[in-house]
Amino acid sequence: MKTISVTGKTVEEALNQGLTELQATREQVDYVEIQTPKKGFLNFFSKPAILEITMKPDPVGEAERFLADVLRCMDVNLDIHAFDTEEKKARLEMNGEDVGMVIGKRGQTLESLQYLTNLAANRHSDQYRRIELDAENYRERRAKTLEQLAYRLAEKAKRTNRRVVLEPMQANERKKIHQTLQTDTAVDTLSDGKEPRRHVVIKPKET
Amino acid sequence: MLKELVLTIARALVDYPDDVDVKEEEIDGIIVLTLYVHEEDIGKVIGKKGRVASAIRNVLTAASRNQGKVRLNIAD
């Protein structure tokens, strides 16, 4: 984390100089007074104010910078838009043509990018701020697809009176399937197998 | 570019970003990248159950679409 030491006649003057040096606004920094200024007499015995100014951790800014750097290295051209409205969570949306490349097969690349972005963003801060990554609304679209898949396969399980085994999925996706079918009284859902092959099984309830 | 990608990611995760280095070689048509970090940072780029390392590999594979096979080793 960046810390600088500045000197000025008054605390205010020192602080302003520090802000210029760091190119930051007052809200982005914390400071401690190392030496309290003393007026003295005709410049004799006067002591300047010495401050140590530290940039406050800014997880969302870090996340945005990290993601932009990574995308540049991946040679993909996407716009990043940050939604920084909630206290514990923020969302970074990527939009553009190359979006498929950052999503990957079943969202695997997006998941990895999100994991790394969270680590990079929260490295310096004591309060964990969750960063959610999305690309062209992938998460919402995927959630809808999973819901439809769940309904369709539940019907199949009932019709054939046999268990239906789904493809391996990530934990949050399996959860979506379980939740969708929770209210369906004719089927049970369970997860089977070990990561990364863990998958949902839908089975008709025995009557 | 791929080398740059690994450098960028690794530097953002470690405590000693100045000690991060990546060596790039081509062995039997495969791009082999070897990541070097400060010894106290090795755990940070591998992660619990190798979670960080596999995330880096995932992103690397996505980035290498037109450049053939790529492998990432972490030096210890």
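How do the residues of the lining of the largest pocket divide into nonpolar, polar and charged? In this predicted model, the lining comprises eight nonpolar, nine polar and 10 charged residues. The pocket itself has a volume of about 1,000 Å³, and 27 residues line it. Nearest its centre lie A:E111, A:Q170, A:E195, A:P196 and B:R51. Two or more lining residues are given by each of α4 (108-121) and α6 (171-181) of chain A, and likewise by α3 (51-63) of chain B. The largest share, seven residues, is that of α4(A). With respect to domains, both domain 2 (59-136) and domain 3 (140-204) of chain A contribute at least three residues to the lining of the largest pocket.

B:R51, one of the residues nearest the centre of the largest pocket, also takes part in a contact between a charge and an aromatic ring. This arginine lies over the face of A:Y115, at 4.0 Å from the ring centre. A second arrangement of this kind is found within chain A, where A:R91 is placed over the face of A:F83 at 4.7 Å from the ring centre. Pairing between aromatic rings was examined separately. In general, such a pair is described by the distance of the centres and the angle of the planes. A search of the whole structure returned zero aromatic pairs over all chains.

The second largest pocket encloses about 700 Å³ of space and has a lining of 22 residues. The residues nearest its centre are A:D58, A:E62, A:R65, A:R123 and A:H124. At least two lining residues are supplied by each of α2 (59-74) and α4 of chain A and α1 (2-13) of chain B. Here the largest share, five residues, comes from α2(A). By residue class, the lining of the second largest pocket consists of 10 nonpolar, three polar and nine charged residues. Because domain 1 (3-55) and domain 2 (59-136) of chain A both give residues to this lining, the second largest pocket lies between the two domains.

An annotated segment of chain A was also considered. The unreviewed UniProt entry places a "coiled-coil region" at residues 121-148 of chain A. In the model, residues 121-148 of chain A are 43% helix and 21% strand. The C-alpha atoms at the ends of this segment are 34 Å apart.

Notes
Residues numbered from 1 in each chain as written. Chains lettered and ligands numbered in written order. Predicted model: local features only at pLDDT ≥ 70, side-chain atom pairs only at ≥ 80, totals over all residues. Heavy atoms only, no water. Phe/Tyr/Trp six-rings, centres within 6.5 Å; stacked < 30°, edge-to-face > 60°. Lys NZ or Arg CZ within 6 Å of the ring centre and 35° of its normal. UniProt positions renumbered as here; feature names shortened; annotations may be inferred. Helix = DSSP H or I, 4+ residues; strand = E, 2+ residues; numbered from the N terminus. 1 Å grid on protein atoms, 1.4 Å probe; cavity = no way out; pocket = protein on both sides within 12 Å on 5 of 7 lines; lining within 4 Å. Points joined across faces, edges and corners; volume = space filled by probe spheres on them. Nonpolar A, V, L, I, M, F, W, Y, C, P; charged D, E, K, R; others polar. Domains from an automatic or database assignment.
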